[in-house]
Amino acid sequence: MTKPLLAIDTSTENCSAAVYANEQLYQCVAESPREHSQRLLPFVDDVLQQAGIELSQLDGLVVGCGPGSFTGVRIGVSVGQGLAFSGNLAVYPIPSLQALAQKCIRLNAAASVTDAQQPPELILAAIDARMNEVYYAVYENVNGIAVAITEPAVTRPEENPFKTALAALNSSDSVRVTTAGTGWDNYSDLLAKGLPVTVNLSHSCRLPEAQDMLTLAQAGQSKAVSAEQLEPLYVRNEVTWKKLPGRN
């Protein structure tokens, strides 16, 4: 039997921890932007206790590495390093934007069971970065897994980052595109302006959760690093759209 993974995330307003063990998901999630440092370790203790396992029995630790709130990202990474050192665990960093895209796929998959809704093919993930900027990236739904098409980056919403990205991908209007993240709460008009596709604006997928980071790590979407190698993903100074290697 494969040893379980523990996932933690405090990169945005959400604080969450999750572990999948005994063929069951155990999780704690709370939107509490000013209480991450007080909530995270109790959440970890709670999910491990629910699962009936100890830190030493884990196969690894999945950590939301950002981008997001500077303070939140630092808390998650520092707690992750402490847990990894304590349990001698490998660490799997997962970007918050990719977790958002995976959550979008999960929620749409659940909805499709009841209303025959087709799952999204592309997810436009955006997190409000404050200072009139957004963190953003584009993901593709590949057999139920959010696979990165572009690297996480930051820009002003009026720069039309998704228009540039989708134009470079030659996306047609027949592609099913869905949004995810708090960046769409305040800047939907600017982010959707002039897009070459019809976009389904989602209001149910605003903040990432640790359970979706578990899914991504289990699907091989992150390479294991040591606790010393775990680094926060800030991307504050990365303002240009980038296509990942191998994408034409």
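Analyst: Relative accessible area, computed with a 1.4 Å probe on protein chains only, makes a residue buried under 20%, exposed over 50% and partly exposed in between. This is a predicted model, in which local features need pLDDT (the predictor's confidence in each residue, from 0 to 100) of at least 70 and side-chain atom pairs count only at pLDDT 80 or more, while totals for chains, interfaces and linings use all residues. Residues are numbered from 1 along each chain as its sequence is written, and side-chain values use heavy atoms, leaving out hydrogens and water.

User: Why is Ile145 called buried?

Analyst: The relative accessible area of Ile145 is 16%, and the limit for buried is under 20%, so Ile145 counts as buried.

User: What makes Phe70 and Tyr234 a tilted aromatic pair?

Analyst: The whole structure holds three aromatic pairs. For Phe70 and Tyr234 the centres are 4.9 Å apart and the planes meet at 50 degrees; rings of Phe, Tyr and Trp (its six-membered ring) pair with centres within 6.5 Å, and planes under 30 degrees apart are stacked, over 60 edge-to-face, the rest tilted, so this pair is tilted.

User: How do you know that Phe70 is partly exposed?

Analyst: Phe70 has a relative accessibility of 36%, which falls between the two limits, so Phe70 is partly exposed.

User: Why is the pair of Phe162 and Trp184 called stacked?

Analyst: Their centres lie 5.5 Å apart and their planes are at 15 degrees, so the pair is stacked. Both Phe162 and Trp184 are buried, and together with Tyr136 they form one aromatic cluster.
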